[in-house]
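Me: I'm new to this one, so could you walk me through it with some questions and answers?

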Amino acid sequence: MVLDAPRTPLRPAKTPAPHPGPGQLLLRVHACGVCRTDLHVVDGELEKPKLPLILGHQIVGTVEERGTGADRHAVGSRVGVPWLGWTCGECAYCRSGRENLCRGARFTGYDIDGGYAEMAVADERFCFAIPEDYPDLQAAPLLCAGLIGWRSLRLAGDGERLGLYGFGAAAHIVAQVARHQGRRVFAFVRAGDEEGRRFALGMGASWAGGSRETPPEELDAAIIFAPVGELVPLALRAVAPGGVVVCGGIHMSEIPSFPYELLWEERVLRSVANLTRRDGEEFLALAPRVPVRTQVRPYPLEGAGRALDDLRSGRLRGAAAVVP
Ligand SMILES: [Zn+2]
Ligand SMILES: [Zn+2]
């Protein structure tokens, strides 16, 4: 499924199977998770995608062929490909464990063709082994919703009372990890979204309400997954002194101005960008121990556009993935 230009529908296309270069793997795609970032690319909110582009950065596939020197993953083994697709390995960020910030980084389904396809090529150094307990479909959302969710949770600190704004693919995973760590989860959904509220409670939230509601207790931290800038002052208002607010998305609408007293008393406001391979290894080792159970709605490959529409409209519960 090819994106020719922002704000145009994805187009089914027959293209020659890609060829794995040195250090690369040719993968047969079994499932590819659908992420809000894909929507931001389609909607033109992320401005520099390669075009034409195959979207998709939560690829679960098996190794079909290996390029020269690629020997980390055996032919036939199952691997996952995340958003971070390549880094320079030499810059100050790469050398200090912050490859997520590498200025030369290239991203799957953005700078590199991704997984809304039957075949894909990936740099083997950025492919993860998939835990055996997970069928392909259930593994797909671990690769971005899970990894970015995990990084956001880590950077939110150790506080016991955790708010999650926007209860989609990432939050439904993070809620399970947070509960496993002994935290309590407070879920914020779109005002009036009764089904979303029930879904959050079913995933272990101790409380769920509309995003403008005041939670029953002060929070120690909050993660904002919804791409809505108005949530930032609301989340700052909900956290206690010293609390942390993490913006987990790659794009957000404008943040309204707010009085300094919302930030005062050492509240912290920060973003999370991309992931490191260490995040991936940590999270994929942790997920089966929780165990994280993902709820994933499958779509045929040609239905990728419909999956994106359902994500945009808030009709999805949990995650979505295309299955070629
Ligand atoms: Zn670098
Ligand atoms: Zn993503």
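Reply: Sure! One definition to start: four donors count as tetrahedral if all angles lie between 85 and 135 degrees. Keep in mind that this is a predicted model.

Me: Which arrangement do the four donor atoms around the zinc ion (ligand 1) make?
Reply: The protein donors here are the SG atoms of Cys88, Cys91, Cys94 and Cys102, lying 2.3 to 2.4 Å from the zinc ion (ligand 1). Ideal angles for four tetrahedral donors are 109.5 degrees. The angles that the four donor atoms subtend here run from 106 to 117°, so the arrangement is tetrahedral.

Me: What spacing do the donors of the zinc ion (ligand 1) follow along the chain?
Reply: Take the cysteines in order: Cys88, Cys91, Cys94 and Cys102. Written as a pattern along the chain, that's C-x2-C-x2-C-x7-C.

Me: Is Cys91 buried, partly exposed or exposed?
Reply: The cut-offs help here: buried means under 20% relative accessible area and exposed means over 50%, with partly exposed in between. Cys94, at 15%, is buried. Cys91 has 22% relative accessibility, so Cys91 counts as partly exposed.

Me: Which residues are the protein donors of the zinc ion (ligand 2), and how far apart in sequence are the parts that His57 and Cys144 tie together?
Reply: The donors are Cys35 (SG), His57 (NE2) and Cys144 (SG), at 2.0 to 2.2 Å from the zinc ion (ligand 2), and they follow the spacing C-x21-H-x86-C. His57 sits in the loop between helix H1 and strand S2, while Cys144 sits in the loop between helix H3 and helix H4, so the pair ties together parts that are 87 residues apart in sequence.

Me: Are His57 and Cys144 buried or exposed?
Reply: Both of them belong to the donors of the zinc ion (ligand 2). As for the state of His57 and Cys144, both are buried.

Me: On to the core. Which helix gives the largest share of the largest nonpolar core?
Reply: That core has 96 residues, and Leu10, Tyr116, Leu164, Phe167, Ile223 and Phe283 touch the most other members. Eight of its residues come from the helix with the largest share, H5.

Me: How many residues are in the second, separate core?
Reply: Among its members are Ala226, Val232, Val239 and Leu262. In soluble globular proteins, nonpolar side chains tend to be buried together. The size of this second core is 18 residues.

Me: What kind of ring pair do Phe167 and Phe199 make?
Reply: The structure holds eight aromatic pairs. In this one the ring centres are 5.9 Å apart and the planes of Phe167 and Phe199 stand at 80°; planes over 60 degrees apart count as edge-to-face. The pair links distant parts of the chain, with Phe167 in the loop between strand S8 and H5 and Phe199 in helix H6, 32 residues apart. Phe167 and Phe199 are both buried, and the pair is edge-to-face.

Me: Which residues do ring pairs link into a cluster?
Reply: Start with Phe188 and Trp207, whose ring centres are 5.2 Å apart with planes at 65°, so that pair is edge-to-face. Phe188 is in strand S9 and Trp207 in strand S10, 19 residues apart. Phe188 counts as buried at 1% relative accessibility, and Trp207 does too at 16%. The cluster linked by ring pairs is Tyr165, Phe186, Phe188 and Trp207.

Me: Why are the buried residues of helix H9 on the same side?
Reply: The buried residues of H9 are Ala304, Ala307, Leu308, Asp310 and Leu311. An α-helix has 3.6 residues a turn, so residues three or four places apart point the same way. What covers the buried residues of H9 includes strand S1, H1, strand S14 and strand S15. They are on the same side of H9 because the arc they cover around the axis is only 160°.

Me: Which residue other than glycine has phi near 60° and lies in the loop between S13 and H8?
Reply: Glu266 also has a positive phi of about 60° without being a glycine, but Glu266 lies in the loop between strand S12 and strand S13 and counts as exposed at 68% relative accessibility. The residue in the loop between S13 and H8 is buried, with a relative accessible area of 14%. That residue is Asn274.

Me: Last one: which residue does a cis peptide bond join to Val290?
Reply: One cis peptide bond runs from Leu51 to Pro52, with omega near -10°, and Pro52 lies in the loop between H1 and S2. For the bond at Val290, omega is about -20°. The partner is found in the loop between helix H8 and S14, and the residue is Pro291.

Notes
Residues are numbered from 1 along each chain as its sequence is written. Chains are lettered from A and ligands numbered from 1 in the order in which they are written. This is a predicted model: local features need pLDDT of at least 70, side-chain atom pairs count only at pLDDT 80 or more; totals for chains, interfaces and linings use all residues. Side-chain values use heavy atoms; hydrogens and water are left out. Donors are N, O and S atoms within 2.8 Å of the metal (3.2 Å for Na, K and Ca); water is not among the atoms, so sites may look incomplete. Helices (H or I, at least four residues) and strands (E, at least two) are DSSP runs, numbered from the N terminus. Buried means under 20% relative accessible area, exposed over 50%, partly exposed in between (1.4 Å probe, protein chains only). Four donors count as tetrahedral if all angles lie between 85 and 135 degrees; four count as square planar and six as octahedral if opposite donors are over 155 degrees apart and all others between 65 and 115; anything else is irregular. A nonpolar core is a set of buried Ala, Val, Leu, Ile, Met, Phe, Trp, Tyr and Cys residues joined through side-chain atoms within 4.5 Å. The arc is that of the directions from the helix axis to the C-beta atoms. Contact means heavy atoms within 4.5 Å. Rings of Phe, Tyr and Trp (its six-membered ring) pair if their centres lie within 6.5 Å; planes under 30 degrees apart count as stacked, over 60 as edge-to-face and the rest as tilted.
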